Each structure stands twice: as structure tokens, then as C-alpha cells.
Amino acid sequence: MTYPILETERLILRQLTPHDAEDLFEYFSQDQVMKYYDLETFKTLEDANNIILHFNNEFEKGKGFRWALELKSEKKVIGTCGYHNWHQEHFKAEIGYELNPAFWHQSYMKEAILPILTFGFERMGLHRVEAFIDPANISSEKLLQSLHFNEEGTMHDYFFEKGKFVDAKIFGLINE
């Protein structure tokens, strides 16, 4: 399968390439971005190259998609969004995303997620999309609620991240 390209008013959603490493490093190297992420803050450009390889390997293995969110006006990658933990036999996947703080609170992520959800339900055959967030990540919670995800509960000590157990709120969206 060739990597699907999606487009919105302000964004082109496409496969990540090694040329995107500097744009990803720009924000993955900021503690405020990594606060709720399950990785350490990036220290080198190699860290950005490694995550690009990881996301693309997941696609090659049929385990998910992770789109670069390229700002049309600047041809700059301002974030990524996509599916991981794709369980085809259960018709479900988990959605994940992050955005450069310079572009927070401008509705870019909602703009990107809408066609990604359509792609998931129509082309991937998903019945359910899940999102796990840190209970303190209010911005992410508001985003998911605006997309009609339902909060389904909090799992205590659900993930082990950065040397400690952390809770996770689970949100779900069903294709009805």
C-alpha cells in the first residue's frame, strides 16, 4: 500500500521523511511537548531521525499510520498524528498526536484528526478508535471531547513512563 496523503484547508498530511527531522526536533526537544509523551525530551537530531524510522516501520509492518502535519503556507512540519496499536482483528486502533507549541490553540490538531478519523473508519475498517491521555492534560481532553470521543474511565498506574507509573484516561469513539 502506498502511503495515503490527506489534505485539509491549511495542512497536507503525508508520510514523514528524513527531511522532516529538524522540524520534529524543534518541538520534540521542548520539555512542554514531552511532558505527557512516553519518551524523554530529544537531545539530538538522531532522536528525531529515530522516531521517523519508528513511525515508518510501523506502517511497513501494517501496525499503523503516522502522518506529518505539513503547514501548506510554510512547507513546515508542525506535528504528527496517526494510529498505532492497530488491531485489525478487533477493528480498533489507538490515536496519538503532538504539535509544535508555536501552533497550539489554533485548531490545527482538530483539523488534522477529522480526515484521519474518516480514513480510519472508511479505509482501515475501524469500528473503534481509542485515545489514552494523562489526566492532567486538559487541552488533549478538550480536543477529544470536541471530536465526540467519550471518556470511559481512568486506569490507575496503567503505563510505566520515565521511571514511574502513571494513570491514563481512556477515551473512545465508535463508528456507528
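User: In this protein, what share of the contacts with a separation of 6 or more comes from residues 24 or more positions apart?

Analyst: The model is a predicted one. Among contacts at a separation of 6 or more, 59% join residues that lie 24 or more positions apart.

User: Which secondary-structure elements are present, and in what pattern do they follow along the sequence?

Analyst: The protein contains 5 helices and 8 strands. Their order along the sequence is β-β-α-α-α-β-β-β-α-β-α-β-β.

User: How should the radius of gyration be read for 176 residues?

Analyst: The value is set against that of a compact globule, which for 176 residues would be near 16 Å; the protein has 15 Å, in agreement with that expectation. The C-alpha trace spans about 35 × 35 × 30 Å along the principal axes.

User: What do burial and the exposed area add to this picture?

Analyst: Of the 176 residues, 49% are buried. The protein exposes about 9400 Å², and carbon and sulfur atoms supply 50% of that area.

User: How many charged side chains of each sign are there, and how far apart are the centres of the two sets?

Analyst: There are 18 positive and 29 negative side chains, with the two centres 2 Å apart.

User: Is Asp 23 buried or exposed?

Analyst: A residue counts as buried under 20% relative accessible area. Asp 23 has 17%, and is therefore buried. Asp 23 belongs to helix α1, which covers residues 21–28.

User: Which residues does Asp 23 contact beyond its neighbours within four places in sequence?

Analyst: Those residues are Lys 76 and Val 77. The Asp 23 side chain reaches the backbone nitrogen of Val 77 at 3.0 Å.

Notes: Residues are numbered from 1 along each chain as its sequence is written. This is a predicted model: local features need pLDDT of at least 70, side-chain atom pairs count only at pLDDT 80 or more; totals for chains, interfaces and linings use all residues. Side-chain values use heavy atoms; hydrogens and water are left out. Helices (H or I, at least four residues) and strands (E, at least two) are DSSP runs, numbered from the N terminus. The radius of gyration is taken over C-alpha atoms; the globule rule is 2.2 Å times the number of residues to the power 0.38. Buried means under 20% relative accessible area, exposed over 50%, partly exposed in between (1.4 Å probe, protein chains only). Contact means heavy atoms within 4.5 Å. Accessible areas come from the Shrake-Rupley method with a 1.4 Å probe; for residues, only the protein chains shown count as cover. Lys and Arg count as positive and Asp and Glu as negative; His and the chain ends are not counted. The place of a charge is taken as NZ of Lys, CZ of Arg, CG of Asp or CD of Glu. A polar contact is a pair of N or O atoms within 3.5 Å; within protein, one must be able to donate a hydrogen and the other to accept it, and residues adjacent in sequence count only if both atoms are side-chain atoms.
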